[in-house]
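Colleague: I have a protein model open and want to learn how to read it. Can we take the features one at a time?

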Amino acid sequence: MSGCLKVCGVRWEKGENARDNFALVKPPVPPLSSTLNAPNFMLKAGIVGLPNVGKSTLFNALTRSRKAEAANYPFCTIDPNVGVVVVPDERAYVLKDIAKTSVVVPAAIEFVDIAGLVAGASKGEGLGNQFLATIREVDAIVQVVRCFEDSDIIHTMGSVDPVRDIEVITTELVLADLEAVAKRMTKTQKAAKAGDKEAIIELALLEKLTPHLNAGKTANTLPAAPEEVALMKLFQLLTAKPVLFACNVAESDLATAEQNPFVQKVAEYVRTHHDAAYVPISAKIEAELIDLPPEEAKAFLKDLGVDDSGVSALIKGTYTLLGLMTYFTAGEKEVRAWTIKKGWKAPQAAGVIHTDFEKGFIKAEIVSYTDLTRLGSVAAAREAGKYRLEGKEYVFQDGDVALFRFNN
């Protein structure tokens, strides 16, 4: 047989016995993007909140940098600050030992620190237009709400009330969406009257959205069919984005955050008003961990009565909120975590490595993380029947360890 096929970064020259006789040839694959583990695939989460709720302090902790200025006055972050954040995942380091490599490339997502919103932002108050435009560009929203009392840190609304703060920001986002829907409806009505079928469908959804938003409800809580949800994405509505509430508690409350009355109010509000989630975190403590080595940071947290950092839970929560999951490639060169959307099939998963992998996809060699780590090696997994070939219809599972076969 003549010709060649490639297997995840290695070209296999095909002979009579392709599995036993192969040559390693450097494939002509261009380098990956320096900002992510896949070209053109970086999802963003925007961090929003009223001034002085700990938003920029949290951003510093998330990115392990001092890039965002965390000064104690409103609008200290006028220009968005962007940081690429590693998704905590110990699985990659377990695979490192199995693959006998020293290099691990973890999964990552992008966080954008967006300057504080105020009441009236939808009408341009407090540089609102600029802030709302930045929120529109992100895929999910992390809304920081203050759940601590501190007389030294001013609250722009005079008192601590996280539910009121949530409602202020939600109202501004809903008002901005109402304006966007009204503008789109004006344009769509003309095409619908002319008999455009797509415009008629779109207009029906816009007419369904308008009273929902007018009632102060967010777009992501609108009862909608799957095709309507897909169509709504084209509208780029701010309240259609998934939301994670970061409940910023005092240092003394971190270990018992769920008992904090402010956190409890947020939890109840989220359950009854939003298709969302919440995570307690102490931004001040997380910021203090920045300069500590990992082992000292763990010891520090243990002394506070917690096993994991709020930042880790927040990053993982945002990753889940975005509908993301991870699969791995593992070899002597490196173990790499690849970010994909839940429900993606094998060719799509291959495509995040390089578009050639998707275009020329043949098969994926798959072993689950659980089976590989339990059995200890690819050879043992193959002998146990846990190492398998999957085709184009295979839906990737979180933790799959993959090797792709593809034609050039």
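Colleague: Let us begin with helix contacts. Which residues of α1 meet which residues of α10?

Modeller: On the α1 side they are L58, A61 and L62. On the α10 side they are V311, L314 and I315. Keep in mind that this is a predicted model.

Colleague: How do the residues of that contact divide by class?

Modeller: Six are nonpolar, with no polar and no charged residues in the contact of α1 with α10.

Colleague: How is a pair of packed helices described?

Modeller: Two values do the job: the angle between the axes and the distance between the axes. Here α1 spans residues 55-63 and α10 spans residues 310-321. Their axes come within 10 Å and cross at roughly 85°. That makes α1 roughly perpendicular to α10, because angles of 65 to 115 degrees count as roughly perpendicular.

Colleague: Now another pair. At what angle do α4 and α7 pack, and how far apart are their axes?

Modeller: The angle is about 40°, and the axes of α4 and α7 are 9 Å apart. Helix α7 covers residues 261-273. So α4 is oblique to α7.

Colleague: Which residues meet in that contact of α4 with α7?

Modeller: From α4 come P162, V163, I166 and E167. From α7 come F262, K265, V266 and Y269. By class, the contact of α4 with α7 has six nonpolar, no polar and two charged residues.

Colleague: Next, charged pairs. What is the general idea?

Modeller: Side chains of opposite charge can pair when their charged atoms come close. A search of the whole structure finds 16 salt bridges.

Colleague: Show me one. What is the distance between the closest N and O atoms of E202 and R184?

Modeller: They are 2.8 Å apart, and E202 forms a salt bridge with R184. Now place the two residues. E202 lies in helix α5, residues 197-214, and R184 lies in helix α4, residues 162-193. The pair therefore ties together parts that are 18 residues apart in sequence.

Colleague: Is E202 buried or exposed?

Modeller: Buried, with a relative accessible area of 13%. The cut-off for buried is under 20%. Its partner R184 is partly exposed, at 28%.

Colleague: What about a pair between strands?

Modeller: Take R405 and E365, which form a salt bridge with the closest N and O atoms 3.0 Å apart. R405 lies in strand β14, residues 400-406, and E365 in strand β12, residues 361-368. That salt bridge ties together parts that are 40 residues apart in sequence. Both R405 and E365 are buried.

Colleague: Which residue forms a salt bridge with R336?

Modeller: E334 does, with the closest N and O atoms 2.8 Å apart. R336 is buried, and E334 is buried too.

Colleague: Which residues are linked with R91 in a network of salt bridges?

Modeller: D89 and D398 are linked with R91 in that network.

Colleague: Let us turn to loops. Where is N52?

Modeller: N52 sits in the loop between β3, residues 44-48, and α1. Look at its backbone: N52 has a positive phi of about 65°, although it is not a glycine. N52 counts as buried, at 12% relative accessibility.

Colleague: Where is K100, and what is its phi?

Modeller: K100 is found in the loop between α2, residues 91-99, and β5. Its phi is near 55°, a positive value in a residue other than glycine. K100 is exposed, with a relative accessible area of 69%.

Colleague: And A107: which loop holds it?

Modeller: The loop between β5, residues 104-105, and β6, residues 108-113. A107 counts as buried, at 3% relative accessibility. Compare position in sequence with position in space. A107 and V84 are 23 residues apart along the chain, and their C-alpha atoms are separated by 10.0 Å.

Colleague: Last, the whole chain. How many helices and strands are there?

Modeller: The protein has 14 helices and 14 strands. Of its 408 residues, 49% are buried. The protein exposes about 19,700 Å², and carbon and sulfur atoms supply 53% of that area.

Colleague: What share of the contacts with a separation of 6 or more comes from residues 24 or more positions apart?

Modeller: The share is 66%.

Key. Residues are numbered from 1 along each chain as its sequence is written. This is a predicted model: local features need pLDDT of at least 70, side-chain atom pairs count only at pLDDT 80 or more; totals for chains, interfaces and linings use all residues. Side-chain values use heavy atoms; hydrogens and water are left out. Helices (H or I, at least four residues) and strands (E, at least two) are DSSP runs, numbered from the N terminus. Buried means under 20% relative accessible area, exposed over 50%, partly exposed in between (1.4 Å probe, protein chains only). Contact means heavy atoms within 4.5 Å. Accessible areas come from the Shrake-Rupley method with a 1.4 Å probe; for residues, only the protein chains shown count as cover. A salt bridge is a side-chain nitrogen of Lys or Arg within 4 Å of a carboxyl oxygen of Asp or Glu. Axes are lines fitted to C-alpha atoms, for helices over the stretch in contact, and angles run from 0 to 180 degrees between N-to-C directions. Angles under 35 degrees count as roughly parallel, over 145 as roughly antiparallel, 65 to 115 as roughly perpendicular and the rest as oblique. Ala, Val, Leu, Ile, Met, Phe, Trp, Tyr, Cys and Pro count as nonpolar, Asp, Glu, Lys and Arg as charged, and the others, Gly among them, as polar.
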